[in-house]
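Please brief me on this structure. Keep it short, and group the points by topic.

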Amino acid sequence: MKDEEVDSVLAKAARAPYVLQPGTVQRIADSIKPSLRPVRPLPSARVLSSGLVLICATVSLAGAARAGFFGFAKMDLFERLLIFPALILLCWVAGEGFVHAMIPGSLRRISPGAILGFGSAALLALFASLFRDDQTDHFFSIGIVCLLTGLFHAIPAALLGWLLIRRGFAVNPVAAGLMAGVLGGLAGVGMLELHCPNFQAAHVLVWHTAVVPLSGVAGALVGWALRFRAESNAREHAQSE
Amino acid sequence: MGPRERLTVRTELREHAGIEIDCRKAFEPMHPDDNIEALMARYQQGDFSAATELIERISPRLHRFFLAQSQSRSDADDLLQETWLRIHKVRHTYRSGEPALPWFYAIARHVRVDHYRKSLRKAAGERQLEAMSTEVEPVQKESESADGLSLLLAPLPESQREVIEMLKVAGMSLEEVARATSSSVGSVKQKVHRAYKKLRETMGVTGTEKGQSGVYLER
């Protein structure tokens, strides 16, 4: 059998008249009528993505302002020109991913998982090309502090991002959580790059970059937990009725 | 001669013949979907007549979409009602200028997945997982309530079935299906390809017999 034949069989089946049970439309219309009020549509995806990038930049700068801009001071112009625009670009991509995850019917160019993988790989490549110091002094003790500092800044960035697009509707809460986490993680990395003066390659590659996947996974888990809770509530509600 | 010129000539001929013409109808879009976006904007502004018209236009498609997945009319009725409540709640997330149909289907799909997950959990408490993993069984049980298309698509896995349903029944483009299913156009193409392969096999081998018995071709 050829594709054209399958097409014509499907078209024939699809053309068959399809009617709803009488009264269905009226019943649905009546159910929404009491709460029918004008609503303000969400702003465009570009405006929301810009807002998310702004939030990340603000959190990073505020964190570094509190802890000190030691990393930024130690960097040369070339490093600054490569690292910070790259972080802004990644924030924009993650922000767009987050916005698309929160608006039904959005066209998704890159999947959330790919954004996480691509973002982490891009950071690794960038840091590997810029930092050549092979020493590993106090690898774990200093590294853990940097990781926790990055994650500590990822949380407010992700929460503020969610606050900005809380009126959206996540058709896939796990994907939305993952994107919020990645976005927050990038804000955390931004803060670390501004603050941390430790330019040992292993330190930056492992502990700074790890903030993004860890916060992404944490965000996905939060999304999963929220979905699970919503389902449990709905089930309890149905049982009580 | 372009369509507008053709319309003008036709209008002149009718006027010449003394037939009254309703101008609003004459300039109505050729494809009924062209208006869904405008109706959606009016719905967001609180226009009840626009909401009712949207419900009238979209509901049969969504109902058919649910029926193709669940094979049960009562399930499809419940899902349709639930979908409209959800649509109403999140109607502000539609942005004018964007295609409305993928937005509707994305929400419908979310409601269906939610429903499926809930029923799966409910069933898991009652029996073993293997017993409920059979997806084709309900077709035999409730085939009298399913339409021809549902039966036709029954052998396909859920992800392929919904893509075929959106493309072939709802008449959406590949990009619109990608929007509705939160995936890429490439992934949609791949699903369509696999679905067609499966349909070719089914219709080619068992379909000939079923076609003769009228299950596939006559409904």
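**Helix H6 of chain A and its surroundings**

Ala128(A) sits in helix H6 (residues 112-130) of chain A. The model is predicted. The points below start from this residue, then turn to the chain, its core, the contact between the chains and some backbone details.

**Ala128(A) and Ala67(A)**

- Ala128(A) counts as partly exposed, because it has 13 C-beta neighbours inside 10 Å.
- Leaving aside residues up to four places away in sequence, Ala128(A) touches Ala201(A) and Leu205(A).
- Val204(A) lies 76 residues from Ala128(A) along the chain, and their C-alpha atoms are separated by 8.6 Å.
- Ala67(A) belongs to helix H3 (residues 45-67) of chain A.
- Ala67(A) is also partly exposed. Its count is 16 C-beta neighbours inside 10 Å.
- Between Ala67(A) and Met191(A) there are 9.3 Å from C-alpha to C-alpha, at 124 residues apart along the chain.

**Chain A overall**

- Chain A has 10 helices and zero strands.
- Its pattern along the sequence reads α-α-α-α-α-α-α-α-α-α.
- Chain A is more spread out than a compact globule, because its radius of gyration is 23 Å, well over the 18 Å that the globule rule gives for 241 residues.
- Along the principal axes, the C-alpha atoms of chain A fill a box of roughly 75 × 50 × 35 Å.
- Buried residues make up 43% of the 241 residues of chain A.
- Among contacts in chain A with a separation of 6 or more, 91% join residues 24 or more positions apart.
- The domain assignment splits chain A into domain 1 (3-35) and domain 2 (45-239).
- The centres of domain 1 and domain 2 of chain A, taken over C-alpha atoms, are 43 Å apart.

**The largest nonpolar core**

- The largest nonpolar core has 109 residues.
- The members that touch the most other members are Cys56(A), Ala94(A), Phe98(A), Met179(A), Leu183(A), Leu186(A) and Phe104(B).
- Helix H8 (residues 173-195) of chain A gives the most to this core, with 13 residues.
- Domain 1 (3-35) and domain 2 (45-239) of chain A both give residues to this core, so the core lies between them.
- Beyond residues up to four places away in sequence, Cys56(A) touches Cys91(A), Ala157(A), Leu183(A), Leu186(A), Ala187(A) and Gly190(A).

**Helix H2 of chain A**

- Val25(A), Ile28(A) and Ala29(A) are buried in helix H2 (residues 24-32) of chain A.
- The buried residues of H2(A) line one face of the helix, because they fall within an arc of 100 degrees seen down its axis.
- An α-helix has 3.6 residues a turn, so residues three or four places apart point the same way.
- Gln26(A) and Asp30(A) are exposed on the other side of H2(A).
- H4 and H5 of chain B are included in what covers the buried residues of H2(A).

**Where chain B meets chain A**

- The contact takes 52 residues from chain B and 41 residues from chain A.
- On the side of chain B that touches chain A, the helices that each supply at least two residues include H4 (48-70), H6 (100-126) and H12 (185-213) of chain B.
- H4(B) gives the largest share of that side, nine residues.
- By class, the side of chain B that touches chain A holds 22 nonpolar, 17 polar and 13 charged residues.

**Helix H3 of chain B**

- Helix H3 (residues 36-44) of chain B has Ile36(B), Leu39(B), Met40(B), Tyr43(B) and Gln44(B) as its buried residues.
- These buried residues are on the same side of H3(B), because they cover an arc of only 140 degrees around the axis.
- Gly46(B), just after H3(B), takes a positive phi of about 95 degrees.

**Positive phi away from glycine**

- Most residues other than glycine have a negative phi.
- His138(A) is not a glycine, yet its phi is positive, at about 45 degrees.
- His138(A) lies in the loop between H6 and helix H7 (139-164) of chain A.
- With 13 other C-beta atoms within 10 Å, His138(A) is partly exposed.
- Ser182(B) is not a glycine either, and has a positive phi of about 55 degrees.
- Ser182(B) is placed in the loop between H11 and H12 of chain B.
- Ser182(B) counts as buried, with 23 C-beta neighbours inside 10 Å.

Notes. Residues are numbered from 1 along each chain as its sequence is written. Chains are lettered from A and ligands numbered from 1 in the order in which they are written. This is a predicted model: local features need pLDDT of at least 70, side-chain atom pairs count only at pLDDT 80 or more; totals for chains, interfaces and linings use all residues. Two residues are in contact if their C-beta atoms, placed from the backbone, lie within 7 Å. Helices (H or I, at least four residues) and strands (E, at least two) are DSSP runs, numbered from the N terminus. Ala, Val, Leu, Ile, Met, Phe, Trp, Tyr, Cys and Pro count as nonpolar, Asp, Glu, Lys and Arg as charged, and the others, Gly among them, as polar. A residue is buried if 20 or more other C-beta atoms lie within 10 Å of its own, exposed if 12 or fewer, and partly exposed in between; C-beta atoms are placed from the backbone. The arc is that of the directions from the helix axis to the C-beta atoms. A nonpolar core is a set of buried Ala, Val, Leu, Ile, Met, Phe, Trp, Tyr and Cys residues joined through C-beta atoms within 7 Å. Domain bounds come from an automatic or database domain assignment. The radius of gyration is taken over C-alpha atoms; the globule rule is 2.2 Å times the number of residues to the power 0.38.
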